[in-house]
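Student: Please put the structure up, and let us work through a few questions on it.

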Amino acid sequence: TKRTQIRHMGILDSVKNKMAKKADKKTLDSFRKQIDEMLLKESYTLVDYRKQIEEGLNSWTAKIPLLKNRSEINQLRDSKAIIDSFTDEERADPSLITDTAMKRAAVSSKLPESDVKSLLFTYEQAKMIQKWLRKRKERGQKIPKNSSELQDLMTDNRGVGIARFFRSNPFYAQQASPNKKPNKK
């Protein structure tokens, strides 16, 4: 009957809402943990970046069969494969990564070299955010508590804005795009 259908819909809505709230809390907890870890690190390496990727792959959303094939999960797997293709020394000190190392990582991970360059560019952005967060903490400025606050602070022109911070970084100024060839041979 319609009454039974309406009652079941109400139960389903309640379950969906509870699951959504639980997912939001886990996402928020994960974000805060990530920020805390970034603030504690003196430097940020591919080892740290890999750990964050691994946490994403171990999240509950990556384990649900219907969600396993999402492009985000596949991208995380590809990123992990690329990072794992570098030597321990290169992961600990990414400045050691040369064109030859990028080609080796592409062959080893069975991914295009452009994906390797893109990952390294994304890593450099994460490294810059880590440095920016540490500067904010040193200056006693607000540290974001969620991704929305991070977005707001990144676009804020007062204080140490991330855009100004990126422009002051030689790597970022040199790398206009992830496909630009690095200076190393």
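Student: Which residues does Gln130 touch, not counting residues up to four places away in sequence?
Tutor: This is a predicted model, in which local features need pLDDT of at least 70, side-chain atom pairs count only at pLDDT 80 or more, and totals for chains, interfaces and linings use all residues. Residues are numbered from 1 along each chain as its sequence is written, and side-chain values use heavy atoms, with hydrogens and water left out. Contact means heavy atoms within 4.5 Å. With residues up to four places away in sequence not counted, Gln130 touches Met38, Lys41, Glu42, Ser43 and Tyr44.

Student: Is Gln130 buried or exposed?
Tutor: Buried means under 20% relative accessible area, exposed over 50%, and partly exposed in between (1.4 Å probe, protein chains only). Gln130 has 1% relative accessibility, so this residue counts as buried.

Student: Which backbone oxygen lies 2.7 Å from a polar atom of the side chain of Gln130?
Tutor: Lys41 is among the residues that Gln130 touches. The backbone oxygen at 2.7 Å from that side-chain polar atom belongs to Lys41.

Student: Which element gives the largest share of the largest nonpolar core?
Tutor: A nonpolar core is a set of buried Ala, Val, Leu, Ile, Met, Phe, Trp, Tyr and Cys residues joined through side-chain atoms within 4.5 Å. The largest one has 30 residues, and Phe86 is one of those that touch the most other members. Helices (H or I, at least four residues) are DSSP runs, numbered from the N terminus. The largest share of this core, eight residues, comes from α7.

Definitions and conventions. Helix = DSSP H or I, 4+ residues; strand = E, 2+ residues; numbered from the N terminus. Polar contact = N/O pair within 3.5 Å; in protein donor to acceptor, adjacent residues only side chain to side chain.
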